[in-house]
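I opened this entry to record what I looked up in the coordinates. The notes are in the order in which I made them.

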Protein chains: 2
Amino acid sequence: MVTLKDIAKHANVSTATISRYLSSNIVVKKETEEKIQRAIKELGYVTNVVAKSLKHMETFNVAVILPKINNLYYSEMTSGISQILGQHHYNLYIYEVDNLNLSEIEIIQLMRENMIAGIVFIGLFSDRSFKDSIHDVMSWNIPAVYANRCIPYDGFPLLYPDLTKASQLGAEHLLSKGKHKIAYVHNQLPDDLLDHFIDGFKQASHSDDTPTMIEIKEGMDLAKDCIPHLLRNDIDGVFVLNEMSAVHLTKALVDCQISIPKDMAVLSLGNSLISQISTPELSCVDLQNRELGIRSAEMILSQIRKEAFAPVTVLEPFIVERKST
Amino acid sequence: MVTLKDIAKHANVSTATISRYLSSNIVVKKETEEKIQRAIKELGYVTNVVAKSLKHMETFNVAVILPKINNLYYSEMTSGISQILGQHHYNLYIYEVDNLNLSEIEIIQLMRENMIAGIVFIGLFSDRSFKDSIHDVMSWNIPAVYANRCIPYDGFPLLYPDLTKASQLGAEHLLSKGKHKIAYVHNQLPDDLLDHFIDGFKQASHSDDTPTMIEIKEGMDLAKDCIPHLLRNDIDGVFVLNEMSAVHLTKALVDCQISIPKDMAVLSLGNSLISQISTPELSCVDLQNRELGIRSAEMILSQIRKEAFAPVTVLEPFIVERKST
DNA sequence: TTGTAAGCGTTATCAT
DNA sequence: ATGATAACGCTTACAA
């Protein structure tokens, strides 16, 4: 490996001069500059970031901790993060929790050992893992962001889509399509989260009515269990709070020869590729995944630079209308 | 930050003893061990991996360089890589080329600066970028793997799915379904790659016949341009060499009221979520993306450990039959 | 404008 | 079994 010392010797200047010339924009005699440049080229010098990191006691590595990367939901956010970090010359580590046989504590420990510059925690909005760990992380002055959750503010930077608004927009959209008997379908979401959706529905319907709530349980057969339930209640519009379930329900409805959107409108929460691929193409409420990633990264960078920033960012969802409503 | 020095002072032993106790499994007096353990706990020491890396002149960071992460094709491979690296306590860097405003040279430079332990290059099989850079990387003794390409062996570790076999399996499958007028649909694949597919077709048909080759051009309307072409040639089975295109073509066929698979069987190359979501669900040739990732990571680790390994790994595709054939 | 030297946290060599 | 110390490559007072 070619070091500063090597080019110092080769160029007949001190390492200090070269270091200054390379790092700061400090003035150097033309002659010295030429000598240095020649030496760098001739010996093929490349700077050693690890040594720099040790000296400065900081790295340019930001970690994203998520359940798994092979999921469009997470990978879209990650891509947003990657974009911003790249622009600012930070590197991106990925840790897949579902894939790593490490406990939460071990992963957090890893962050400290590696002098990680900042951490983005990503999870489903019903997930509460790592919640306590974040306080540890912050107490060690590691910038952190908890992204895509919807939990009460608890002293750490938070970022999530406005689910009440999402619900309101969704319900309004269904209503505007002449659907008046609306059901919300979800995969075992916790009650406090469902409350957000119920609130949104009330705002949309200008009433105190509650939508029919239908829970999809693990291994349930939609055509046998869910659709009869829908029909029995004369439902004419469903808002499915999980994109994948929306796709499956749509498939089941088509199999049951129920016309979409005439007899049943289907609205999905989340707008990845799969909503577009589904037949019919699904209308959906876009939760802005990429933007969520972008903002997360920006919040991390603000913290690193000790700039002011809003500790809680709430993103506005919007409707994307396609064929299913 | 609590350092070895700090706990040395606190425990009244030398840094050398602690370092040895922590890193090697060298014997220490019971009394010393207790003193050290107590000091570590009381001061909250965590080891500094950056300092270790500088000392040892090696990191535990492996980089994956890919076009973009928000694509099931790449994220599935990446997840496989992540799984293996995690098991061996390596960290995973991700660099999205499409997202990073860096030239190939700059990215490679970055790898050197950061003392990356190994690099997995991932790309579409029609892509040839980074091909030359790999020789540079290897000349600097950075372990590297070129994954998911199908290019002639050129002195660097290679890993790809057997496309000729994939073609053969696909053609055999369509033939076995009674389809005799078969077309291959692709998105502007280069000729040398198409040759593999043509070879596979010949092997399947035990003849020297060539399948009808149809090229999808940027912005082409499948219903208007592609399907009439198919019909004109009495095609009754298509093998689409790109999963996304297979989905789109299927949609277009359904719109044109062509019955799948009765009037037209559709087979897709690649087996991600989207083939399952498509209506009808697509039969496909699975290229083993996750396994490709797993093997890539293993090849990197072998190189790092200077173990023997096969420089070229070819993975066997297999048929997954669903509703479209 | 340039050089000298100490030090970032760790490990390894050589003594003791 | 343990300690003193140099070194990994780089930066930065301080001096010249």
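The entries below go from the chain layout to the protein interface and then to the two DNA strands.

**Entry 1: status and layout**

I note at the start that this is a predicted model. I looked up how chain A is divided and found domain 1 (4–47), domain 2 (59–161 + 289–315) and domain 3 (163–286). These bounds come from an automatic or database domain assignment. I then took the centres of domain 1 of chain A and domain 3 of chain A over C-alpha atoms, and they are separated by 65 Å.

**Entry 2: chain A against chain B**

I went to the protein interface next. How many residues of chain A are in contact with chain B? I found 48 residues of chain A in contact with 48 residues of chain B. The two chains bury about 4200 Å² between them, and 62% of that lies on carbon and sulfur atoms. On the chain A side, Val50(A), Lys251(A) and Ile277(A) supply 14% of the area buried against chain B, more than any other three residues.

I checked the charged and polar pairs as well. The count of salt bridges between chain A and chain B is two. I looked at Glu281(A) with Lys251(B), which form a salt bridge whose closest N and O atoms are 3.9 Å apart. For polar contacts across this interface, I have 22 residue pairs, with both residues at pLDDT 80 or more.

I listed the elements that give two or more residues to the side of chain A that touches chain B: H4, helix H5 (72–87), strand E2 (91–96), helix H6 (104–113), helix H11 (243–255) and helix H12 (273–277), all of chain A. H5(A) gives the most, with eight residues. By class, I have 21 nonpolar, 20 polar and seven charged residues on this side.

**Entry 3: DNA strand C**

I moved on to the DNA. Strand C is surrounded by 28 residues, and the closest are Arg20(A), Thr32(A), Leu4(B), Ser19(B) and Tyr45(B). Do the protein-facing atoms of strand C belong to sugar or phosphate, or to bases? Of its atoms within 4 Å of the protein, 67% belong to sugar or phosphate and the rest to bases.

I recorded individual atom pairs. A backbone N or O atom of Ser14(A) is 2.7 Å from a phosphate oxygen of strand C. On the base side, an N or O atom in the side chain of Lys55(A) lies 2.7 Å from a base nitrogen. In chain B, the side chain of Lys55(B) has an N or O atom 3.1 Å from a base oxygen of strand C.

The elements with two or more residues on this surface are helix H2 (15–23) and helix H4 (49–56) of chain A, with helix H1 (4–11), helix H2 (15–23) and helix H4 (49–56) of chain B. I sorted the surface residues into 11 nonpolar, 10 polar and seven charged.

**Entry 4: DNA strand D**

I repeated the lookup for strand D. I found 27 residues around strand D, of which Leu4(A), Tyr45(A), Ser14(B), Arg20(B) and Thr32(B) come nearest. Sugar and phosphate make up 64% of the strand D atoms that come within 4 Å of the protein.

Polar side-chain atoms of Ser19(A) and of Thr17(B) each lie 2.8 Å from a phosphate oxygen of strand D. For His56(A), I noted a polar side-chain atom 3.5 Å from a sugar or linking oxygen of strand D. H2 and H4 of chain A, together with H2 and H4 of chain B, each supply at least two residues of this surface. Its classes are 11 nonpolar, 10 polar and six charged residues.

Notes
Residues are numbered from 1 along each chain as its sequence is written. Chains are lettered from A and ligands numbered from 1 in the order in which they are written. This is a predicted model: local features need pLDDT of at least 70, side-chain atom pairs count only at pLDDT 80 or more; totals for chains, interfaces and linings use all residues. Side-chain values use heavy atoms; hydrogens and water are left out. A residue is near a molecule or strand if one of its heavy atoms lies within 4 Å of it. A polar contact is a pair of N or O atoms within 3.5 Å; within protein, one must be able to donate a hydrogen and the other to accept it, and residues adjacent in sequence count only if both atoms are side-chain atoms. Helices (H or I, at least four residues) and strands (E, at least two) are DSSP runs, numbered from the N terminus. Ala, Val, Leu, Ile, Met, Phe, Trp, Tyr, Cys and Pro count as nonpolar, Asp, Glu, Lys and Arg as charged, and the others, Gly among them, as polar. Contact means heavy atoms within 4.5 Å. Buried area is the accessible area (1.4 Å probe) that two parts lose on being put together, summed over both. A salt bridge is a side-chain nitrogen of Lys or Arg within 4 Å of a carboxyl oxygen of Asp or Glu.
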